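Biologist: I'd like to go through some of the labels on this one. Can you show it to me?

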Amino acid sequence: MNGSLDERLGGKDAISAVIDDFVARCAADRRINAKFIRTDIPRLKTNLVDQVCEATGGPCTYSGRDMRTTHDGMAVTGGEFDALVADLVATLDRFNVGETEKSELLGALASLRADIVEVESSETGTQLPDAYRNAPATTSAGALN
């Protein structure tokens, strides 16, 4: 196939639509939504769009924290990571993303597992530890301060 994965996915607008659906799906998923209880959702969406766009060869620049720093202290389980991946697959299927593109995107996510999962357990629905500290507030227009 020709073109970058970003182009084959439909560019930033298509990635934004996928991320909107994916974040809503995660918010409704009791297996993982407790981990997002204190998340700045507009900033999460912006960062995810930029991260996916950049990782797929698009023109975006991801400026958020690295995945290890972001998830340090969240006590994300292997089961919760797998549930998040399942939610992403469901979203990609909803948007009729091709198998080749889906495999490439999921492959990139799989490489982040070691930086995100802190608890090797199939358990899901665990609470966000009280000690976890979100990223400092930003002064951008989209942030909730």
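Biologist: Okay, how much area does the protein expose, and what share do carbon and sulfur atoms supply?

Modeller: The protein exposes about 8,100 Å², with carbon and sulfur atoms supplying 53% of it; accessible areas come from the Shrake-Rupley method with a 1.4 Å probe, and for residues only the protein chains shown count as cover. Mind that this is a predicted model, where local features need pLDDT of at least 70, side-chain atom pairs count only at pLDDT 80 or more, and totals for chains, interfaces and linings use all residues. Residues are numbered from 1 along each chain as its sequence is written, and side-chain values use heavy atoms, leaving out hydrogens and water.

Biologist: What makes Lys102 and Asp93 a salt bridge?

Modeller: The term needs a side-chain nitrogen of Lys or Arg within 4 Å of a carboxyl oxygen of Asp or Glu. In this pair the closest N and O atoms are 2.3 Å apart, so the pair fits the definition.

Biologist: And why is Lys102 called buried or exposed?

Modeller: Buried means under 20% relative accessible area, exposed over 50%, and partly exposed in between (1.4 Å probe, protein chains only). Lys102 has 7%, so it is buried. Asp93, with 37%, is partly exposed.

Biologist: What about Arg113 and Glu120?

Modeller: Their closest N and O atoms are 2.8 Å apart, so that's a salt bridge too. Arg113 counts as partly exposed at 26% relative accessibility, whereas Glu120 counts as exposed at 61%.

Biologist: How many salt bridges does the structure hold?

Modeller: It holds 13. Arg8, Glu101 and Glu104 are linked in a network of them.
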